[in-house]
Amino acid sequence: MSEVQYKNIKKNFGAVEVLKDINLKIDNQKFVVLLGPSGCGKTTLLRMTAGLETISSGEIAIEGNLINNVHPRDRDIAMVFQNYALYPQMNVFDNIAFSLQIRKLEPQEIKQKVEWAASVLNLTEYLKRTPKELSGGQRQRVAMGRALVRDPKVFLFDEPLSNLDAKLRAHMRLEIRKLHNQQNATTIYVTHDQIEAMTMADEIVIMNGGIIEQIASPNDIYEKPNNLFVADFIGSPAINLIKGEVTDRGSIKLKSQELPHQKNNLSPNQKVVYGIRPTDVKIVDNSNVKAEVILVETTGSETHIIAMLDDNEFRIVQAGGRTSIKNGEKVSLEFDISKAHTFDQTTTKRID
């Protein structure tokens with residue numbers, strides 16, 4: 001069982017506290033994504049798992065065995081970096097085989113392992129090429145092959161797709177997830193890209209400022225964000241967040257309009273932040289909520305409309321790439337209130 005557990009993990013760089021009492025359990029064979037903005041501590045946590053960074057305090061265990069003082073080569077992990085870090089003078093075969101050669105495995109065993117990894121990653125026809133003769137995606141697959149032949153208990157990925165173009169990133173997301181499913185290993189994947197997290201993860205760990213904000217499945221993170229940070233960080237385009245005050249009727253009063261709401265656990269005059277995702281808003285012929293269009297963006301499959309609702313910038317996503325709506329036009333809005341969110345203005349926590 002390749003379970004990874006973090007207990008009261010702290011990390012300081014001098015007077016700067018980068019990780020603050022991290023407690024996290026990653027179950028065997030799960031694909032877990034550490035997601036957050038730059039500087040939140042996600043890569044530091046991954047490097048501590050690999051043994052590339054010391055732990056200021058706390059414990060990391062794999063399969064119940066403490067690894068704080070275990071040398072990186074003895075942790076039975078394999079790491080794929082953002083930088084492919086391939087040896088330019090070696091061909092693909094030798095790049096994949098290098099760690100096995102260092103361990104002095106028999107040549108026939110090395111050959112079998114490399115050829116197996118190459119077949120899994122569709123690299124068989126490239127084994128005699130050098131890295132300069134490969135595309136970016138092929139180089140990243142070589143780096144994955146180097147990790148794969150070690151047959152590790154835990155795979156660690158540190159933003160491996162950030163140097164690739166959008167089309168190749170989409171392809172490599174599929175390749176990495178397929179690899180995880182085939183190997184049944186535990187995978188910890190670091191990224192700041194929410195699309196990678198939402199499409200690849202069994203579970204997402206949202207990090208911010210050295211703490212964990214929420215741990216949940218992609219759907220739960222999207223549908224029930226714990227707080228304003230998570231709500232704003234997850235979703236593209238971003239969720240609409242508007243400050244308001246609860247009325248006696250339970251609606252949310254803005255400067256000159258009221259937003260519909262159906263929750264019964266709000267108190268009159270309570271100050272809240274109302275959240276609604278752009279996909280949960282429709283433009284209709286007539287309603288009590290009005291907005292003025294300031295920009296129309298077409299993406300082909302969708303139309304993104306940016307409007308002003310009172311003094312708040314507000315986004316609406318419509319299916320289809322064509323619309324007759326023009327800049328400056330006044331539109332009526334209808335909300336799917338079953339999917340609306342409310343957060344306390346002071347604590348920023350979700351109100352259920």
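**Group meeting: rings, a sheet and two pockets**

Okay, let's start with the aromatics: Phe31, Phe155, Phe157 and Tyr189 are joined into a cluster by ring pairs. Before I go on, keep in mind that this is a predicted model. Over the whole structure, there are seven aromatic pairs.

Rings also turn up with charges over them. Take Tyr222: the charged end of Arg277 is placed over its ring, 4.0 Å from the centre. There's another case at Phe13, where Lys11 lies over the face, at 4.8 Å from the ring centre.

Now, on to the sheet. What's the strand order in the open sheet? Reading across, you get β15-β19-β16-β17-β18, so to speak, five strands with antiparallel pairing. Which strands stand at the edges? Those are β15, residues 281-284, and β18, residues 312-319. Each has a single partner strand, so one side of each has no neighbour in the sheet. As for twist, the average is 50 degrees from one strand to the next.

Let me zoom in on β15 for a second. Strand β19, residues 330-335, pairs with β15 in the antiparallel sense, and four bridges hold that pairing on the map. If you want a spot to click on, try Val281: its bridge partner in β19 is Phe335.

Right, pockets. The largest pocket comes out at a volume of about 530 Å³. It's lined by 19 residues, and the closest to the centre are Met79, Phe81, Ser99, Arg146 and Arg150. Which elements supply at least two residues each to that lining? That would be β6 (77-80), α2 (92-102) and α4 (136-148). Going by class, the lining of the largest pocket has 13 nonpolar residues, two polar and four charged.

The second largest pocket has a volume of about 210 Å³. Here 14 residues do the lining, and Glu223, Ser338, Lys339, Ala340 and His341 are the closest to the centre. And how does this second lining divide by class? You get three nonpolar, five polar and six charged residues. Put that beside the largest pocket, with its 13 nonpolar and four charged residues, and you have both linings to look at on screen.

That's my tour. If you'd like to follow along in the viewer, I'd go back to the cluster of Phe31, Phe155, Phe157 and Tyr189, then to Arg277 over the ring of Tyr222, and finish at the pocket with Met79 and Phe81 among the residues closest to its centre. Thanks, everyone!

Key: Residues numbered from 1 in each chain as written. Predicted model: local features only at pLDDT ≥ 70, side-chain atom pairs only at ≥ 80, totals over all residues. Heavy atoms only, no water. 1 Å grid on protein atoms, 1.4 Å probe; cavity = no way out; pocket = protein on both sides within 12 Å on 5 of 7 lines; lining within 4 Å. Points joined across faces, edges and corners; volume = space filled by probe spheres on them. Nonpolar A, V, L, I, M, F, W, Y, C, P; charged D, E, K, R; others polar. Phe/Tyr/Trp six-rings, centres within 6.5 Å; stacked < 30°, edge-to-face > 60°. Lys NZ or Arg CZ within 6 Å of the ring centre and 35° of its normal. Pairing = 2+ DSSP bridges. Axes fitted to C-alpha atoms, helices over the stretch in contact; angles between N-to-C directions.
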